[in-house]
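Here are my notes on this one, in the order I would go through them with the model open. Tell me if you read any of it another way.

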Amino acid sequence: MNVNVTGPFIYFTIPIFGGIDITQTTISSLVVTLLLIAACVILGKNVRKRPDGKQVLVEKGVMMIHNMVVDTMGAHNAHWTPFILTVFLSSICGSLIGMTGFLRSTTADLSTTLTWAVMVSVIIWFNSIKNNGFLGWLKGFTEPVVVMTPMNIISEIAQPISMAFRHFGNVAGGGVITSILYTALAGLSATILNLIAGSGWAVGVIALALGAAAIVWGIRAGKKGRLVAGIVLAVLGAFGLLQALGLLSGVPVLQFGIPAVLSVYFDLFSGFVQALVFSLLTMVYIAGACPEPAAAEGN
């Protein structure tokens, strides 16, 4: 995940409306939008009554989201499926795009998640006014008693803020941890390789031989821990030997492979979970403003 702790880099500023900054997040958001549009065009072509493998997968995915919307919001709110699917895919792709190494995750920028959350709040308010009337919407701020009005107002303001910070905090926090780990591993690699190279080429040969022996031992014994330790020792020995011979230096060998484990969690698992949570909260909040017609008339 490519995350700058100091915030998104500003590429240039468009000199209109007081200056519009084009940042890393802007470019990433544009790329995600174009990719989703291209995917919709490609996957939406040649739709058949008897679907092939590609169409079956697409229909299965859409039906999963549709069923989730119906189960969460009710059948009368099934028309919200395209919106929820768009939010979900934008979140997933926005988080995963940081794995490219040169684009920033859109969800690692508070402006992105806050925009989504405010948009959801506007939709909720619009539907509340549409279903209950403006006075009926205002009445909701004075229930159950007039004294609770300040708390109800604060709740309306806190809702989009909590949604935005929850999504942003998890993605950005994972990016910060990964960046710190990369820096620490680079320093540790330099320290170890300098020690090996400074001790002479013989130390590198010994480390390489011991690593190879540990690899063979781990494979024969079926011990993954010994196998991994042997690979790390052999790699450090090989690069330490190359550095001692003056053939290669400054390679952060410990950065290869080790951060991938965290990347699987922060980029894949956490990104999917946060997209799902944001989509579920969106469905729950909108469903509260869009009750069944019979229930709305009863109120």
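1. Let's start with a single side chain: does Thr25 count as buried or exposed? Thr25 counts as buried, because its relative accessibility is 4% and the buried class covers anything under 20%. Bear in mind that this is a predicted model. Thr25 sits in helix α1, which spans residues 24–43. Leaving out residues up to four places away in sequence, Thr25 touches Pro8, Arg104, Thr106, Asp109 and Thr112.

2. Now the overall layout. The chain has nine helices and two strands. Reading from the N terminus, the order is β-β-α-α-α-α-α-α-α-α-α, with the two strands ahead of the helices. The chain is 299 residues long, and 33% of them count as buried. As for sequence range, take the contacts with a separation of 6 or more: 66% of them join residues 24 or more positions apart.

3. The pair α2 and α3 is worth a look. Helix α2 covers residues 53–73 and helix α3 covers residues 81–96; they pack at an angle of about 115°, with 9 Å between their axes. That angle makes α2 roughly perpendicular to α3, and the crossing is right-handed. On the α2 side the contact is made by Val62, Ile65, His66 and Val69, and on the α3 side by Thr81, Ile84, Leu85 and Phe88. Sorted by class, that contact has six nonpolar and two polar residues, with no charged ones.

4. Compare that with α6 and α7. Helix α6 (residues 201–221) and helix α7 (residues 224–244) pack at about 160°, and their axes are 7 Å apart. Here the angle makes α6 roughly antiparallel to α7, and the crossing is left-handed. The contact of α6 with α7 has 18 nonpolar residues, five polar and one charged.

5. On to the interior. In soluble globular proteins, nonpolar side chains tend to be buried together. The largest nonpolar core in this model has 25 residues, and those with the most contacts inside it are Ile65, Met73, Trp80, Phe83 and Ile286. Several helices feed this core: α2, α3, α4 (110–139), α5 (149–198) and α8 (258–289) each supply at least two residues. There is also a second, separate core of seven residues, and Leu193, Leu236, Val253 and Leu254 are among them.

6. Which residues does Met73 touch, not counting those up to four places away in sequence? They are Trp80, Met283, Ile286 and Ala287. Met73 is in helix α2 and is buried, at a relative accessible area of 4%. The C-alpha atoms of Met73 and Val284 are separated by 6.6 Å, although these two residues are 211 residues apart along the chain.

7. Trp80 and Asn127 can be read together. Beyond residues up to four places away in sequence, Trp80 touches Met73, Ile123, Asn127, Ile286 and Cys290. Asn127 lies in helix α4 and counts as buried, with 9% relative accessibility. With the same sequence neighbours left out, Asn127 touches Trp80, Ala289 and Cys290.

8. Where is Thr282 found? Thr282 is in helix α8, and it is buried, with a relative accessible area of 0%. Setting aside neighbours within four places in sequence, Thr282 is in contact with Phe83, Ile84, Val120 and Met163. For Thr282 and Val120, 162 residues apart along the chain, the C-alpha atoms are separated by 6.6 Å.

9. Last, Phe239, which has its place in helix α7. Please don't list Phe239 as buried: at 24% relative accessibility it counts as partly exposed, because buried means under 20%. Outside its neighbours within four places in sequence, Phe239 is in contact with Leu193, Leu248, Val251 and Val253. Of these contacts, Leu193 and Val253 are among the residues of the second core. The C-alpha atoms of Phe239 and Gly204 are separated by 7.8 Å, with the two residues 35 residues apart along the chain.

Notes. Residues are numbered from 1 along each chain as its sequence is written. This is a predicted model: local features need pLDDT of at least 70, side-chain atom pairs count only at pLDDT 80 or more; totals for chains, interfaces and linings use all residues. Side-chain values use heavy atoms; hydrogens and water are left out. Axes are lines fitted to C-alpha atoms, for helices over the stretch in contact, and angles run from 0 to 180 degrees between N-to-C directions. Helices (H or I, at least four residues) and strands (E, at least two) are DSSP runs, numbered from the N terminus. Angles under 35 degrees count as roughly parallel, over 145 as roughly antiparallel, 65 to 115 as roughly perpendicular and the rest as oblique. A crossing is left-handed if the near helix is turned anticlockwise from the far one by less than a right angle, and right-handed if clockwise. Contact means heavy atoms within 4.5 Å. Ala, Val, Leu, Ile, Met, Phe, Trp, Tyr, Cys and Pro count as nonpolar, Asp, Glu, Lys and Arg as charged, and the others, Gly among them, as polar. A nonpolar core is a set of buried Ala, Val, Leu, Ile, Met, Phe, Trp, Tyr and Cys residues joined through side-chain atoms within 4.5 Å. Buried means under 20% relative accessible area, exposed over 50%, partly exposed in between (1.4 Å probe, protein chains only).
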